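This report is meant for a reader who meets the structure for the first time. Please keep the sequence and the 3D view at hand while reading.

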Amino acid sequence: MLEYFKIILSKVSFDKKLFERELRKAIKSLVEDELNELKKWCYAQFGKVYGPIIDRQFVLTQ
């Protein structure tokens, strides 16, 4: 599932709202180990553009 969500997030990264919605779905669907890997990947790929969105979504999961 992690690889699936990485593909989806890459494809919707052109749109802020879509990215946030799909990130929310990914966070709800993944287990803790996968979440940690997704978080690192998101910051590496999209941190400069969507850093605040990533922060907000991962803070909501804690």
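The chain carries 12 positive and 9 negative side chains, and in this predicted model the centres of the two sets lie 7 Å apart. The accessible surface of the chain comes to about 4200 Å², and carbon and sulfur atoms account for 53% of that area.

Turning to the fold, the chain contains 3 helices and 0 strands, and from the N terminus on its elements follow the order α-α-α. Among contacts between residues at least 6 apart in sequence, 58% join residues that are at least 24 apart.

The overall dimensions can be put side by side with a rule for globules. For 62 residues a compact globule would have a radius of gyration near 11 Å, and the chain, with 10 Å, agrees with that expectation. Along the principal axes, the C-alpha atoms fill a box of roughly 25 × 20 × 20 Å, and 37% of the 62 residues count as buried.

Helix α1 gives a closer view of such burial, since its residues L2, F5, K6 and L9 are buried. These residues lie on the same side of α1 because they cover an arc of only 105° around the axis. As for their partners, the buried residues of α1 pack against both α2 and α3.

The residue ranges of the helices are collected here.

| Helix | Residues |
|---|---|
| α1 | 2-11 |
| α2 | 16-29 |
| α3 | 32-60 |

Notes. Residues are numbered from 1 along each chain as its sequence is written. This is a predicted model: local features need pLDDT of at least 70, side-chain atom pairs count only at pLDDT 80 or more; totals for chains, interfaces and linings use all residues. Side-chain values use heavy atoms; hydrogens and water are left out. Buried means under 20% relative accessible area, exposed over 50%, partly exposed in between (1.4 Å probe, protein chains only). Helices (H or I, at least four residues) and strands (E, at least two) are DSSP runs, numbered from the N terminus. The arc is that of the directions from the helix axis to the C-beta atoms. Contact means heavy atoms within 4.5 Å. The radius of gyration is taken over C-alpha atoms; the globule rule is 2.2 Å times the number of residues to the power 0.38. Accessible areas come from the Shrake-Rupley method with a 1.4 Å probe; for residues, only the protein chains shown count as cover. Lys and Arg count as positive and Asp and Glu as negative; His and the chain ends are not counted. The place of a charge is taken as NZ of Lys, CZ of Arg, CG of Asp or CD of Glu.
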